[in-house]
Amino acid sequence: MAIQQPPPAEPVDGQASSGIHGLDEILRGGFPRGEMHIVQGAPGTGKTTLALQFLLAGESVGESGLYVTLAQTKRELQAIARSHGWSLEGVVLHELSLDEIAEYLAAEQTVLHTAEVELGELTRRLRRVVEQSRPRRVVLDSIGVLGLLAGSASRYHRKIVALRQFLNRHGCTTLFLREASTEPGPEDAVSAEFHGLASSVIHLEYRAPDYGEVRRRLRVSKVRGVPFQSGYHDFRIETGGLSVYPRLGVRCSQEYDEFRQVPSGIRPLDDLLGGGLEQGTTCMLIGPAGSGKSTLCAVYAHAVARAGEAGAIFLLEERPETFKARSRGVTLDLQPHIDSGRLTIEQMKTFDISPGEFAHRVRAAVEDRGVRLVVLDSLVGYINAMADTAMLPVQMYELLNFLSRSGVLTLLVTSHEWLMGIGCRAPVDISYLSDSIIVLQMFEAESTVRRCLAAIKKRQGEHDTTIRELFISPEGVRVGEEPLWQLRSILSGDPVPADGDRRHDRGRRAAPRQEDGRGG
């Protein structure tokens, strides 16, 4: 599903909007005006699409644009524009064909048909079209052709320097598109010097996973005189152009320090938590499948919506219909709150979404809708969406830090084994990022499968560490008033009577664990 992008931010003085909201945020407003900029990447990374968005953004504010193509035809460019629903009527497209230049030189009876003569004629034609159309924005696609014609690194460098000076004198903000080279050649020999000429350099790349959609990301390695946002940022090519998702780590927001309590509406549970969980904190719900993790999330979502606040539930493993039906089965009807707009439930496709896009959706919910509760169900699904699990702690820290600073209560659902160290071990452990941890467990007593919970960690205020029974039935969700004094070793899943009597041994084995990480 395509994300509705907000309009590009108004560029600051001296900067030209790229036409891509997320990229402008990374560039702190856009491309510095009247300068040369490089956009490079392998075929299919989105260079042409980015360039067309740049020209159309200029056309929308009355800045004339010129697209000079050495590698594609006008028809191909128009086909790309149509695929995005764009019209290039206000943009000048000029195709410079090497065959046409060779025929011209032959007609003039030029004796020397060398690469240098062809290169000279090509640059002269480029200068003439700039002088005739007098554009404010220029795209040259691609400068690799100039490198092939130059034949040597020094000649190539001289031509680029001269072309840059000419375009700067005419006040053009210029994007030079450059193919990421896989073979050594004169273009690579002057790569460092060439980047030194540019005011900014943007690298586009993609990675193809073993299964699922291609993941794309970009990196800005240089913007002269601007404190740009460095590092990698995910992006997607969809109908309508590039959608760029700046890392949350670069977001600056006012520090939230009120820590207002959010009650669940279940008094014994709130008593366990010292009155409730707090906004601006993260609570991890840990337990085996069927123990009630997702149901507790529904309890909080229902309570927050009833209090008039907005909440967002992001599902990475099950369908929204399943989540709503299960909640409705325990008297938690979420549909009225969804209809009112106070609550949203989104299913994330782990094979298709990148971590950056997921963070963008969370950020949009917080900043655009004023969400005060975010549920991530589950962490296993989030890991499956990651291209590199080694980066999970950093990316999760950025996301949780953003939510905390924004005054959002975040509920993370994950599997029991990650904390207790029994059974399969997690690829990474991020329990230290949570302000509160609620452990849920299933156990057998008197031939009946029962549930319990305990708050084993809470940074904000006092809390009760006793173990209480959790009741989930068609009548609703309840938590026991009194601790389970009669049993011990409950959280191990293998409880025994507190007096040591083994008469319940026959039925004391816990329900078999499942490793799908889904809560009840």
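Helix α16 (residues 392-405) lies across three strands, β14 (282-286), β17 and β18. Its direction makes about 145 degrees with that of β18. This is a predicted model.

A second helix, α14 (residues 355-369), also packs on the sheet. Helix α14 touches β15 (310-315), β16 and β17. The two helices compare as follows.

| Helix | Residues | Strands contacted or crossed | Angle |
|---|---|---|---|
| α14 | 355-369 | β15, β16, β17 | about 170 degrees to β15 |
| α16 | 392-405 | β14, β17, β18 | about 145 degrees to β18 |

What is the strand order of the sheet? The order is β16-β15-β17-β18-β14-β19-β20-β21-β22. The sheet is open, has nine strands and shows mixed pairing. β16 (343-347) and β22 (476-483) form the edges. Each has a single partner strand, so one side of each lacks a neighbour in the sheet. From one strand to the next, the twist averages 20 degrees.

Within this sheet, β17 (residues 371-377) and β18 (residues 409-414) run parallel and pair over five bridges. Asp377 faces Val413 in β18.

Now for confidence. The protein has a mean pLDDT of 84, and 82% of its residues reach 70 or more. Residues 182-187 fall below 50. That stretch has nine contacts in the model beyond near neighbours in sequence. Residues 418-425 also stay under 50. Here the model has 17 contacts beyond four places in sequence.

Key. Residues numbered from 1 in each chain as written. Predicted model: local features only at pLDDT ≥ 70, side-chain atom pairs only at ≥ 80, totals over all residues. Heavy atoms only, no water. Pairing = 2+ DSSP bridges. Helix = DSSP H or I, 4+ residues; strand = E, 2+ residues; numbered from the N terminus. Axes fitted to C-alpha atoms, helices over the stretch in contact; angles between N-to-C directions. Contact = heavy atoms within 4.5 Å. pLDDT = per-residue confidence, 0-100.
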